[in-house]
Amino acid sequence: MSNKFKPKFHFSCPKGWMNDPNGFSFFKGEFHLYYQHNPKDTKWGPMHWGHATSKDLLHWKEQKIALYPDSSADNEGCFSGTALIENDCQYLMYTGVSKDGNENIQQQCLAVNDGEKISKFSDNPVIRTSDVKTEFCKTDFRDPKIWKDGNTYYCAAVIKKTDNNGAIALFTSIDLINWQYKNIIAETKGEIGGMWECPDVFKLDSKDVIIVSPQSVKADSEKGFHDGNNSVYMTGTLDMDKAVFTPDVRPENNFTAAELDYGIDFYAPQTTEAPDGRRIMIAWLQSWESYLTPEGNDWSGMMIMPRELVIKNNYLIQNPVSEYEKMVENLPFLSGFIYKNMTARFTKQNYPQCDLTLIARVPDTKAENPDNEQFTVTVSDDKGGSVDLNFDSNKMELSFDRSNSINNGGAINRRSVAVTASKNKLITFRFIFDTNSCECFINGGEKVFTNAYFLNKNVRKITIDSSLTYGLNFKIINIK
């Protein structure tokens with residue numbers, strides 16, 4: 001596999017393995033993205049922190065490895081963490097994994113980037129297992145999120161309780177070195193999976209938001225959850241003095257937590273605040289349940305295109321960052337209308353990278369839809385491989401199927417998301433295709449549906465088949 005199979009505008013691992021984004025932040029005029037990295041294999045292994053920088057969130061420059069598992073506090077791995085910018089330095093808090101007898105324990109460590117070099121604190125870990133004043137499993141205490149409010153530093157880290165359920169523990173400090181345990185601010189009793197990972201805590205449009213990635217979730221169609229690892233968000237009020245989070249009931253599912261992305265390949269999201277105040281999120285564009293990397297690849301792992309987050313009408317709205325919008329706004333495009341039982345085909349060398357918007361009008365009632373009207377977007381190569389995105393107007397769902405791609409699309413190769421129409425019965429689907437992925441933004445970012453795939457060749461064809469009575473408006477932008 002050569003680099004022509006790499007994504008064009010999604011950050012991907014230059015070589016080896018990549019998973020969770022870490023330390024996502026803006027520092028000294030650039031966005032910094034660290035990530036979980038195994039430089040010696042395309043599968044998970046000894047965890048380092050890889051590092052890349054970008055001025056526009058679309059074009060990334062690879063930097064040298066930031067953290068190696070080479071100290072007594074982290075010699076079994078440098079696991080995920082976050083960044084805080086202060087005093088012209090970038091403070092990185094991460095989970096150091098070390099041995100305690102025959103088992104690995106997880107504790108929180110500190111490193112500092114002064115713009116010239118990254119140095120680990122000499123007395124790591126700064127938050128030890130002994131600092132946690134509740135019963136928990138010391139083998140599962142990780143993924144610190146740090147921030148500052150007033151003169152106080154805060155750290156939210158996940159723990160596994162003795163009943164194997166996840167929780168977020170809050171700590172405070174006045175110097176980033178000495179930390180005190182405050183309370184459990186959020187937890188699950190099994191209704192949101194088991195162990196939690198990768199917490200994020202921030203304010204957005206006057207709401208406190210908590211993001212977390214729960215493991216071992218059981219599928220629940222009413223809540224919108226799927227089996228396995230999910231990524232969810234909660235809104236509410238975080239009382240810093242009492243260290244208590246009071247969640248809202250989310251309108252998406254009448255529950256305290258809602259899915260962030262309904263696709264197969266979205267995990268461990270992390271956000272940062274841009275200099276202009278935008279809240280920007282990035283995440284790993286893969287899932288633990290499904291290893292897709294083709295044999296012979298020397299890289300594994302990519303990130304979603306960064307998204308801007310806003311709360312609108314009490315819903316979390318996600319859309320591509322404005323830097324992407326500026327990139328595509330002046331590019332050539334084709335637009336038109338696909339009538340019922342017609343097919344549109346787009347075949348070019350670089351159509352693997354395109355921005356396709358489809359606007360569908362659905363029947364007013366099921367009685368007006370006896371033929372189960374639908375459309376299908378197919379991306380195919382010239383060796384018989386393909387992936388399908390199908391909208392079914394009877395089920396009112398969009399489904400993704402990669403079972404006809406390399407390795408049959410992995411252990412999980414199909415998933416669906418429920419969609420709703422506006423008052424005028426319109427649904428807008430925006431499919432952003434890169435070489436190995438599709439991120440679909442539904443109804444202006446009310447829901448997002450992200451999926452990865454690998455096909456055999458870089459010469460691809462996009463086909464749209466529609467049986468919708470009211471037809472289908474399309475606009476396709478070729479991203480050169």
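## A four-stranded sheet

Let's start with one pair of residues: Ser173 has Trp179 of strand 12 as its bridge partner. That contact belongs to a longer run, since strand 11 (residues 166–173) and strand 12 are joined by 7 bridges and run antiparallel. Keep in mind as you look around that this is a predicted model.

Zoom out and you'll find 4 strands in an open sheet, ordered 9-10-11-12, with antiparallel pairing. Which strands stand at the edges? They are strand 9 (137–149) and strand 12 (179–187); each has a single partner strand, so one side of each has no neighbour in the sheet. From one strand to the next, the twist averages 25°. As a reminder, strands of a sheet pair through backbone hydrogen bonds, and they can do so in parallel or antiparallel fashion.

## The largest pocket

How much space lies in the largest pocket? About 770 Å³. Its lining is made up of 32 residues, and those nearest the centre are Glu252, Tyr262, Val417, Ala418 and Lys447. By class, the lining splits into 11 nonpolar, 9 polar and 12 charged residues.

As for where the lining comes from, strand 22 (315–320) and strand 29 (414–418) each put in at least two residues. Strand 29 gives the most, with 4 residues.

Glu252, one of the residues nearest the centre of this pocket, also has a salt-bridge partner. Its side chain meets that of Arg250, at 3.1 Å from N to O. Are these two buried or exposed? Glu252 has a relative accessible area of 26%, so it counts as partly exposed. Arg250, on the other hand, is buried, because its relative accessibility is just 1% and the cut-off for buried is under 20%.

## The second largest pocket

The second largest pocket has a volume of about 540 Å³. Here 23 residues do the lining, and Lys145, Ile146, Trp147, Val201 and Arg279 lie nearest the centre. Several strands give two or more residues each: strand 1 (16–27), strand 5 (77–86), strand 9, strand 13 (196–204) and strand 18 (267–273).

Which strand gives the most to this lining? That's strand 9, with 5 residues, the strand we met above at an edge of the open sheet. Sorted by class, the lining of this second pocket has 11 nonpolar, 5 polar and 7 charged residues.

## Salt bridges

How many salt bridges does the structure hold? There are 27. One of them links Arg307 and Glu439, whose closest N and O atoms are 2.8 Å apart. Arg307 sits in strand 21 (residues 307–312) and Glu439 in strand 31 (residues 437–442), so this pair ties together parts that are 132 residues apart in sequence. Both Arg307 and Glu439 are buried.

Another pair is Lys223 and Asp220, whose side chains meet in a salt bridge at 3.1 Å, N to O. Lys223 counts as partly exposed, with 23% relative accessibility, and Asp220 is partly exposed too, at 21%. Both values fall in the partly exposed class because buried means under 20% and exposed means over 50%.

Salt bridges can also join up into a network, and here one links Asp140, Arg142, Lys160 and Glu197.

Methods
Residues numbered from 1 in each chain as written. Predicted model: local features only at pLDDT ≥ 70, side-chain atom pairs only at ≥ 80, totals over all residues. Heavy atoms only, no water. Pairing = 2+ DSSP bridges. Axes fitted to C-alpha atoms, helices over the stretch in contact; angles between N-to-C directions. 1 Å grid on protein atoms, 1.4 Å probe; cavity = no way out; pocket = protein on both sides within 12 Å on 5 of 7 lines; lining within 4 Å. Points joined across faces, edges and corners; volume = space filled by probe spheres on them. Nonpolar A, V, L, I, M, F, W, Y, C, P; charged D, E, K, R; others polar. Salt bridge = Lys/Arg side-chain N within 4 Å of Asp/Glu carboxyl O. Buried < 20%, exposed > 50% of the residue type's maximum accessible area, 1.4 Å probe, protein only.
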